[in-house]
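Student: Hi! I've got a protein open on my screen and I'd like to talk it through with you. Can we start with one helix and work outwards?

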Amino acid sequence: QITTVSGNEFLLQSDIDFLILDWFHAIKNAIDRLPKEQRITSGNLEFKLRRSSSIELLNSLDTESKEPKPEHRKSLIFRLNYSASDTNDRSRVKSRLKKFISRRPSLKTLQEKGLIKDQIFGSHLHLVCEHEKSTVPQFVRLCIKAVERRGLDVDGIYRVSGNLATIQKLRFVVNQEEKLNLDDSQWEDIHVVTGALKMFFRELPEPLFPYCFFEQFVEAIKIQDNTTRIKSIRTLVKKLPRPNYDTMKILFEHLKKIAAKESVNLMSTQSLGIVFGPTLLRPEKETGNMAVHMLYQNQIVELMLSEYSKIFGSEED
């Protein structure tokens, strides 16, 4: 999402990570070419971008109204036509708005009263699991079942994007804890289901592969000897918190079924690695090695799919 100095907002979206990276570099290069002290003005108007709470915004209106501003003759005559009662009415409205906003109950109070429920999207994985008394989020299970029931043979499954508005609608339904039926006609496009599942993992505050494990997985995938590399990845996977491990296991088992139908859906382990790599694991702080990290992210997912039984199987296996 890009916000310009004039207040315009643009949303660029793609499931193809290398395309996103190209966009990022193109935009960054364009910004770097701009003069450092460039400011956009229109007459005496300066565009100011800031984030404010509701009360701060109302207070700023009061402050700005007291500041002397150059005015045209026409606007001055227009002001003189306002009666004192009009001014008083506006002051009373502002005062009531301030009182209303300041008396709003806190988020915690609304949650305790059940008026606002815990969100599924955007919540930590372990909190979702604790709330549901499980180790794998119910939404993840429902999406996987729906895809395996009617999406294994679909061309470009997980690579093709679904309608974003419908995905957001599904997200809203899930967050409101409404009874979810993915066989409902409004979710008939399987790409909407896969898009929502990817969005769930993308919006986790901490990815499925926890931040503290990222560098360890990257070092493991760099190992040249394949047997040692698989063993290192397996050791790291076994150390993951239970919700992460169980969710990862059921997800990769599902993706392995997708890859098994590659001749029909054209989704190989490499394609799935490109789609899910940056979604499932990423560094806590992005550095200049973004492209290199992306390569390792893809390779880790690809290896774990190719060697699923060795990584997630029992010791005897």
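Tutor: Happy to! Let's begin with helix α8, whose buried residues are Ile167, Leu170, Val173, Val174 and Asn175. Keep in mind that this is a predicted model.

Student: OK, and what covers the buried residues of α8?

Tutor: The cover includes α7 (138-150) and α9 (190-202).

Student: How many residues does α8 have, and how far does it reach?

Tutor: Helix α8 runs over residues 164-175, which is 12 residues. From its first C-alpha to its last it reaches 16 Å, close to the 16 Å expected at 1.5 Å a residue.

Student: Cool. What sits in the loop between α8 and α9?

Tutor: Asp189 is one residue you'll find there.

Student: Is Asp189 buried or partly exposed?

Tutor: Asp189 has a relative accessible area of 32%, so it is partly exposed. The cut-off for buried is under 20%. You can also look from Asp189 to Thr166: they are 23 residues apart along the chain, and their C-alpha atoms are separated by 9.4 Å.

Student: Let me zoom out for a sec. How many helices and strands are in the protein chain?

Tutor: The chain has 16 helices and four strands. It is 317 residues long, and 33% of them count as buried.

Student: And what about contacts between residues at least 6 apart in sequence: what share join residues at least 24 apart?

Tutor: That share is 72%.

Student: Back to helices. How do people describe two packed helices?

Tutor: They give the angle between the two axes and the distance between the axes.

Student: Then how do α14 and α15 cross?

Tutor: The axes of α14 (residues 269-280) and α15 (residues 290-306) come within 7 Å and cross at roughly 125 degrees. That angle makes α14 oblique to α15. The crossing is right-handed.

Student: Which residues make the contact?

Tutor: On α14 they are Thr269, Gln270, Leu272, Gly273, Ile274, Phe276, Gly277 and Pro278. On α15 they are Met294, Gln297, Asn298, Val301, Glu302, Leu305 and Ser306. By class, this contact of α14 with α15 has seven nonpolar, seven polar and one charged residues.

Student: What's in the loop after that, between α15 and α16?

Tutor: Glu307 is found in that loop, with α16 covering 308-312.

Student: Is Glu307 buried or exposed?

Tutor: Glu307 is buried, because its relative accessible area is 18% and the cut-off is under 20%. Leaving aside neighbours within four places in sequence, Glu307 is in contact with Asn226 and Ile230.

Student: Let's try another pair. At what angle do α6 and α12 pack?

Tutor: The angle is about 90 degrees, and the axes of α6 and α12 (residues 242-260) are 9 Å apart. That makes α6 roughly perpendicular to α12. The contact is made by Leu125, His126 and Cys129 of α6 and Pro243, Asn244 and Thr247 of α12. Those residues of α6 and α12 divide into three nonpolar, three polar and no charged.

Student: Last one: where is Gly122?

Tutor: Gly122 is in the loop between α5 (107-112) and α6 (125-132). Its relative accessibility is 37%, so Gly122 counts as partly exposed.

Student: What is Gly122 in contact with, apart from its neighbours within four places in sequence?

Tutor: Gly122 is in contact with Glu203 and Pro205. You can also check Gly122 against Arg202: they are 80 residues apart in sequence and 8.6 Å apart in space, C-alpha to C-alpha.

Notes
Residues are numbered from 1 along each chain as its sequence is written. This is a predicted model: local features need pLDDT of at least 70, side-chain atom pairs count only at pLDDT 80 or more; totals for chains, interfaces and linings use all residues. Side-chain values use heavy atoms; hydrogens and water are left out. Axes are lines fitted to C-alpha atoms, for helices over the stretch in contact, and angles run from 0 to 180 degrees between N-to-C directions. Helices (H or I, at least four residues) and strands (E, at least two) are DSSP runs, numbered from the N terminus. Angles under 35 degrees count as roughly parallel, over 145 as roughly antiparallel, 65 to 115 as roughly perpendicular and the rest as oblique. A crossing is left-handed if the near helix is turned anticlockwise from the far one by less than a right angle, and right-handed if clockwise. Contact means heavy atoms within 4.5 Å. Ala, Val, Leu, Ile, Met, Phe, Trp, Tyr, Cys and Pro count as nonpolar, Asp, Glu, Lys and Arg as charged, and the others, Gly among them, as polar. The expected span of a helix is 1.5 Å times one less than its number of residues. Buried means under 20% relative accessible area, exposed over 50%, partly exposed in between (1.4 Å probe, protein chains only).
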